[in-house]
Amino acid sequence: MNRHCVFGLCAIALVTIPAFPGSSVAQGKSLKDQLVGTWIYVSSTGKREDGSAVPRPSAQGAVTYTADGRFHFITVRTEVPKYASGDPARPSPEEAMAVASGVVAYTGTYTVDESTKTAHLNIETSSVPNFVGAPNQRRIVTSITDEELKLTNPRTPAGVTLELVFKRAK
């Protein structure tokens, strides 16, 4: 390849990149700016330290990151039973246990370490009391586009590594 051809290809690349507005390269946004918004839960997979798979329940949920450094996360198992009485203040003990064990929700503040692509969470309120104030709560962004977010929770309290997939809310 001669120099003119290489120069021409570089020029084409420089002109073409801005033509793809969905590209994070074209946008030049920080990771925090890319995270801001609401993301709908798609799926998750879990692995133990020995590499064996951990079955994950069917769930629905979302995570929201705000520009001012707050976040909200919730997942609810899809097979949680309805209350037979119809009164949310009077579930049976079995119904209450099914709901309590089928919901994970927490909220608080976050910061982003751009160099490690990690969101550091300060959980202030949670449906799981042990999460509140727990040290080293982090989510590693393994990939992000305008439409999809993939996160790794490197160690849950149960010692499981979770890979989570979200799509941007419309």
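# Notebook: strand pairing, a pocket and three polar side chains

I began at the end of the chain, where Leu151 stands opposite Leu164 in strand 9. The model I am reading is a predicted one, and I keep that in mind for each entry below.

**Entry 1: strand 8 and its two partners.** I looked up how the strands around that pair of leucines are joined, and found that strand 8 and strand 9 run antiparallel, with six bridges between them. On the other partner, strand 7 and strand 8 also pair in the antiparallel sense, over four bridges, and there I noted Ser143 opposite Lys150 in strand 8. Strand 7 and strand 8 form a hairpin, with three residues between them.

**Entry 2: going back to strands 5, 6 and 7.** I then followed the pairing toward the N terminus. Strand 6 and strand 7 pair in the antiparallel sense over four bridges, and His120 stands opposite Arg138 in strand 7. Strand 6, which covers residues 118-126, is also paired with strand 5 in the antiparallel sense, over eight bridges; in this pairing I picked out Thr109, whose bridge partner in strand 6 is Asn122. What joins strand 5 to strand 6, and which residue in the turn has a positive phi? The two strands form a hairpin with four residues between them, and Lys117 in the turn has a positive phi of about 55°.

**Entry 3: the whole chain.** I stepped back to count the elements, and the protein has four helices and nine strands. Read from the N terminus on, their order is α-α-α-β-β-β-β-α-β-β-β-β-β, so I wrote the order down beside the hairpins before going on. Of the 170 residues, 26% count as buried. I also looked up how far along the chain the contacts reach: among contacts with a separation of 6 or more, 46% are between residues 24 or more positions apart.

**Entry 4: the largest pocket.** I asked how much space the largest pocket holds and which residues lie nearest its centre. Its volume is about 690 Å³, and its lining consists of 34 residues, of which Arg56, Thr75, Val104, Phe131 and Leu162 lie nearest the centre. By class, I recorded 23 nonpolar, seven polar and four charged residues in the lining. Several elements each supply at least two lining residues, among them strand 1 (37-47), strand 3 (59-65), helix 4 (93-102), strand 5 (103-113) and strand 9 (161-168). Strand 4 gives the most, with five residues.

**Entry 5: Arg56.** Arg56 is one of the residues nearest the centre of the largest pocket, and I therefore wanted to know whether it is buried or exposed. With a relative accessibility of 38%, Arg56 counts as partly exposed, because that value falls between the 20% limit for buried and the 50% limit for exposed. Arg56 lies in the loop between strand 2 (53-54) and strand 3. Leaving out residues up to four places away in sequence, Arg56 touches Ser44, Thr45, Gly46 and Leu162, and of these Leu162 is also listed among the residues nearest the centre of the pocket. I also checked Arg56 against Arg77, which is 21 residues away along the chain, and their C-alpha atoms are separated by 9.8 Å.

**Entry 6: Ser44.** The side chains of Arg56 and Ser44 make a polar contact at 2.9 Å, which led me to look up Ser44 next. Ser44 is in strand 1, and it is buried because its relative accessible area of 10% is under the 20% limit. The side chain of Ser44 makes a further polar contact, of 2.8 Å, with the side chain of Tyr41. Beyond residues up to four places away in sequence, Ser44 touches Arg56, Glu163 and Leu164; Leu164 is the residue in strand 9 that stands opposite Leu151, and with it I am back at the pair from which I set out.

**Entry 7: Thr64.** My last look was at Thr64, which lies in strand 3. Its side chain makes a polar contact of 2.9 Å with the side chain of Thr38. Thr64 touches Gly37, Thr38, Arg70, Phe71 and His72, when residues up to four places away in sequence are not counted.

Methods. Residues numbered from 1 in each chain as written. Predicted model: local features only at pLDDT ≥ 70, side-chain atom pairs only at ≥ 80, totals over all residues. Heavy atoms only, no water. 1 Å grid on protein atoms, 1.4 Å probe; cavity = no way out; pocket = protein on both sides within 12 Å on 5 of 7 lines; lining within 4 Å. Points joined across faces, edges and corners; volume = space filled by probe spheres on them. Nonpolar A, V, L, I, M, F, W, Y, C, P; charged D, E, K, R; others polar. Polar contact = N/O pair within 3.5 Å; in protein donor to acceptor, adjacent residues only side chain to side chain. Contact = heavy atoms within 4.5 Å. Buried < 20%, exposed > 50% of the residue type's maximum accessible area, 1.4 Å probe, protein only. Pairing = 2+ DSSP bridges.
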